[in-house]
Amino acid sequence: MQMKTFRAATSTAAFEKIKAELGTDAVILSNKTVTENGTKCCEIVAAIDAPPASARKARGTQRDATREAVIEDALDNGVGWQREWTQIKGQIMALMKSQMDMNILSPKQKLAMEYLEREEVDERVLARLFCELREDGRKSIVPLLERTASVRPLTMAEWKTPLHAFAGPGGAGKTSTLIRLALREKKANPRLRICLATADAGGKGRLVLKHYAELSGLAFREIITRDDFALLKKEAGHFDLILIDLPGLAGTTTLRDWTDLYGLSGTSDLSIHLVLNPYFSPAQFERFTEKYKSEQLASVIWTKLDEACTFGAILNMAFATGLPVSALSYGSGLKNSLAPAKSEMLWRLLFMRKLPGGTIQP
Ligand SMILES: Nc1nc2c(ncn2[C@@H]2O[C@H](COP(=O)(O)OP(=O)(O)O)[C@@H](O)[C@H]2O)c(=O)[nH]1
Ligand SMILES: [Mg+2]
């Protein structure tokens with residue numbers, strides 16, 4: 001048995017190191033938060049029976065030489081198949097689209113559909129709307145849209161759970177959203193006991209959060225390992241609102257992997273919000289849907305609306321995930337740039353390109 005100690009800024013980073021060096025069969029013997037040169041970090045002791053990944057890799061290179069091994073690897077890894085399936089889906093949708101004769105709709109319905117197409121609402125959503133609209137020329141599109149994309153405004157009155165975490169790709173606006181929310185709630189109710197926590201130890205957002213916490217008299221906690229999260233849960237009763245900044249998840253790590261790793265999975269009073277920008281590609285959105293799929297994922301927050309020129313992604317993701325939209329952000333500043341979502345805001349964005357702040361996007 002080979003045993004080794006790994007240290008890194010976060011559990012995720014330590015596990016990445018273990019995976020790279022010992023492979024996925026490594027057994028974790030201990031996992032704790034330690035202090036190194038005055039800074040907290042994660043220390044994991046891992047062990048493996050089999051030879052390390054580097055040795056297996058060398059074996060793999062020989063195997064790669066045979067044609068069977070190449071096919072076997074392709075079947076194992078599945079990404080190629082997934083891509084192919086996406087292409088097939090695209091072709092089916094293109095066929096369906098040619099069957100969608102917009103002229104059988106009333107002029108008003110047709111115009112609404114054209115607007116949605118202009119906003120890059122995808123074929124799946126358009127096909128569903130078309131099927132419903134063609135039944136009755138007097139049918140309005142708004143109730144159908146409301147069913148597709150629900151809203152649940154991100155306010156303490158609407159969300160009774162005290163624990164909220166913010167997930168999403170790096171740079172999407174997680175830290176900014178969290179600070180905006182904390183500042184707004186604190187302003188509305190100065191007596192509110194708010195705690196800002198960061199699990200993004202390597203990110204620069206950590207210092208920003210710490211700074212705002214100090215400035216506004218809010219508690220600040222760092223989550224390096226699952227022990228720290230367990231501690232935070234223990235003291236949860238002392239706070240009315242705990243906002244947790246999650247790191248962007250690298251590589252193949254999914255939100256479920258991450259929440260399992262940090263012991264967040266079983267926490268029932270935790271709501272995770274997915275922070276996204278509307279201008280990713282459709283394939284990227286599909287990837288995010290898979291990566292962030294989790295029972296704890298409770299809403300989608302759309303940020304950087306002021307940098308977008310189409311807004312169909314909001315409807316597409318609502319359709320794909322079934323999650324409500326909880327907040328919209330439309331400016332880089334921390335003040336007056338985040339609005340709890342309302343249905344009208346979505347329809348103004350989709351049909352008028354009007355931001356919640358009133359600006360109309362070109
Ligand atoms: N224009 C614009 N910029 C934003 C918005 N939200 C966040 N940002 C900026 O996007 C950058 C990344 O935001 P940050 O919160 O650090 O993202 P994180 O990596 O997900 O935590 C920062 O420079 C923010 O000021 C927004 O709604 N509009
Ligand atoms: Mg951040």
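Q: Welcome! Let's start at R353: is this residue buried or exposed?
A: This is a predicted model, and R353 has a relative accessible area of 14% there. Buried means a value under 20%. R353 therefore counts as buried.

Q: Where along the chain is R353 found, and what is its phi?
A: R353 belongs to the segment after α14, a helix that spans 343–352. Most residues other than glycine have a negative phi. R353 is not a glycine, yet its phi is positive, near 55°.

Q: Which loop residue has a positive phi of about 65° although it is not a glycine?
A: The residue to look for is in the loop between α5 (107–118) and α6. Its relative accessible area is 53%, so it counts as exposed. The residue with this positive phi is E120.

Q: Which residue caps the N-terminal end of α6?
A: Helix α6 covers residues 123–133. At its N-terminal end, a side-chain oxygen lies 3.1 Å from the backbone nitrogen of R124. That oxygen belongs to the capping residue, D122.

Q: Within α6, is E132 buried or exposed?
A: E132 has its place in helix α6, where the buried residues include V125, L126 and F130. The relative accessibility of E132 is 19%, and the cut-off for this class is under 20%. E132 therefore counts as buried.

Q: Which residues does E132 touch, not counting those up to four places away in sequence?
A: E132 sits in α6, which runs over residues 123–133. Setting aside residues up to four places away in sequence, E132 touches K139, L144 and R147.

Q: How far from Q99 is A127, C-alpha to C-alpha?
A: Q99 is in helix α4, residues 79–99, and it counts as exposed because its relative accessibility is 62%. A127 is among the buried residues of α6. Along the chain the two are 28 residues apart, while their C-alpha atoms are separated by 9.5 Å.

Q: Now to the ligand: in which pocket does ligand 1 sit?
A: There are 16 residues around ligand 1, and G171, K174, S176, D306 and S329 come nearest. The place where ligand 1 sits is the second largest pocket.

Q: Which helix gives the most to the shell around ligand 1?
A: The helix in question spans residues 174–188. It contributes four residues to the shell around ligand 1. This helix is α8.

Q: How much of the accessible area of ligand 1 does the protein cover?
A: Start with some polar partners: an oxygen atom of ligand 1 is 2.7 Å from a polar backbone atom of G171, and an oxygen atom of the ligand is 2.5 Å from an N or O atom in the side chain of S176. A polar side-chain atom of R180 lies 3.3 Å from a nitrogen atom of ligand 1. On its own, ligand 1 has 580 Å² of accessible area, and the protein covers 77%.

Q: How far apart in space are P162 and D240?
A: P162 is found in the loop between α7 (141–148) and β4 (163–167), and at 23% relative accessibility it counts as partly exposed. Leaving aside neighbours within four places in sequence, P162 is in contact with D240, L241, I242 and D269. P162 and D240 are 78 residues apart in sequence, and their C-alpha to C-alpha distance is 5.9 Å.

Q: What separates the C-alpha atoms of F239 and I92?
A: F239 lies in the loop between α10 (226–234) and β7 (241–245), and its relative accessible area of 12% makes it buried. Among the residues that F239 touches are R193, I194 and C195. F239 and I92 are 147 residues apart along the chain, and their C-alpha atoms are separated by 51 Å.

Q: Which residues is S294 in contact with, leaving aside its neighbours within four places in sequence?
A: S294 lies in the loop between α12 (282–291) and β9 (297–302). With a relative accessible area of 12%, S294 is buried. Apart from those close neighbours in sequence, its contacts are L255 and R256.

Terms used
Residues numbered from 1 in each chain as written. Chains lettered and ligands numbered in written order. Predicted model: local features only at pLDDT ≥ 70, side-chain atom pairs only at ≥ 80, totals over all residues. Heavy atoms only, no water. Helix = DSSP H or I, 4+ residues; strand = E, 2+ residues; numbered from the N terminus. Buried < 20%, exposed > 50% of the residue type's maximum accessible area, 1.4 Å probe, protein only. Contact = heavy atoms within 4.5 Å. Near = heavy atom within 4 Å. Polar contact = N/O pair within 3.5 Å; in protein donor to acceptor, adjacent residues only side chain to side chain. Areas by Shrake-Rupley, 256 points an atom, 1.4 Å probe, with all protein chains shown as cover. 1 Å grid on protein atoms, 1.4 Å probe; cavity = no way out; pocket = protein on both sides within 12 Å on 5 of 7 lines; lining within 4 Å. Sits in = over half its atoms within 2 Å of the grid points.
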